[in-house]
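Q: Please take a close look at one part of this structure and describe it in plain terms.
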Amino acid sequence: MILKNNNKNLAGGANQSNLREYNERAILSLIRRKGEIAKVELAKLTGLSAQSVSVIMRGLEKDGLILKGTSKKGKVGQPSIPMRLNPNGVFTLGLKIGRRRTELVLMDFVGVQRKALHITYQYPVTNNILAFVADNLAEFISDLSADHKEKVIGLGVAMPYELWNWAQSMGAPQAEIDSWHEIDMAIELNKICHYPVSIQNDATSACAAELVFGCGAQLSNFAYIFIGFFIGGGIVLNHSIYPGPHGNSGAFGPMIVSAPDGKPSQLIEHASVALLEQQLQLAGRDTSFLWNRLDDWSEHSEYVKIWIDYIAKYIAIAIVSTCSVIDFSHFVIDGAFPENVRKQIVETVKEQLQALDLQGIVVPKIAEALLNDDPRVIGSASLPLFKHYLLDQNLLFKS
């Protein structure tokens, strides 16, 4: 329910402004979740009066953020007119920095990528990535009309934390990767980009994208696992991302599991695309296809199956361990791979769950993520939306 002003002590311009902004964000979040929704239904869901909802929606329509849908005639009374988000209401830029690939995107208000460009490499070098952004940023928004250019609200960056700790895993010279420890990416990007810059962990950004544009419309609570070069994820509680006091909730990688030799080790050592890359390299196979989500992996199906069977065992253990702490009804799985590979992983994890001792927990449903585009990319471009237009923005960003 939306916060209403029932407190007689709530007074003053700042408080009234905050309340109005909160209600506007809440209504936009509901419209986004529902797709289309009429004023009457919004009033029922929020507890606000029909008049208050009308005032807010008129303001949002005037600002170009929402559009009228097709009127629907009910059994009695006047036809209701549902409202929907205006795709051209807001534009955002997203930059996903990965261990093997960086992507720059322009996204509209409903999550459609209007333009995308990427580079691949053996390992990420700060100067090369900054040069990539500097060389392409102006061209990215050149096709927008003058009015639409004014609606670009920011650049979101999704990237792994502490890249300098993974030089050996990436096969990179430590001196090159150490530059990530010495640089403030937000400051450097602000030198070449006049839009506000927001930075978040890549797995958390992927979880945010799935929450806003994927299964978040259907699920209010779920754990999200993303299998990329390494493994990570996020936690969603009551339609909001829960990052925890240090921003590490749902990291999954550090979770302790039992290795084949019986010794405790971290999940990150047993569930990642990096493991598949290592096996393919040992077999003398080209691994470049791994870093394009749309590439076909069927040519390497023998190696892929062995990899899936291996990682699924450890992911199943991690799911059971997580459920012993928080009683999640759903786990959503995604990763840096094609849809058919994602489906195989989900099915294999389900099988591996049944082989474990499940006494004392309610077995959660294991589901595929709904986004087909890379959620880290969508998540990066979603970060400015969280700052300006989504209800639970303070869960990703501290005021």
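Which strands does helix α9 lie across, and at about what angle does α9 run to β7?

A: This is a predicted model, in which local features need pLDDT of at least 70, side-chain atom pairs count only at pLDDT 80 or more, and totals for chains, interfaces and linings use all residues. Residues are numbered from 1 along each chain as its sequence is written, and side-chain values use heavy atoms, with hydrogens and water left out.

Helix α9 (residues 185-192) lies across β3, β6 and β7, and runs at about 145° to β7. Helices (H or I, at least four residues) and strands (E, at least two) are DSSP runs, numbered from the N terminus. Axes are lines fitted to C-alpha atoms, for helices over the stretch in contact, and angles run from 0 to 180 degrees between N-to-C directions.

These three strands belong to an open sheet of 5 strands with mixed pairing, in the order β5-β4-β3-β6-β7. Two strands pair if DSSP finds at least two bridges between them. Because β5 (113-120) and β7 (197-201) each have a single partner strand, they stand at the edges, and one side of each is left without a neighbour in the sheet. On average, neighbouring strands of this sheet are turned by 15° against each other, direction ignored.

Within the sheet, β3 (residues 91-97) pairs with β4 (residues 101-108) in the antiparallel sense over 7 bridges. Leu93 has Leu106 in β4 as its bridge partner. Helix α4 (residues 126-141) also packs on the sheet, touching β3, β4, β5 and β6 (152-159); contact means heavy atoms within 4.5 Å. The direction of α4 makes about 25° with that of β4.
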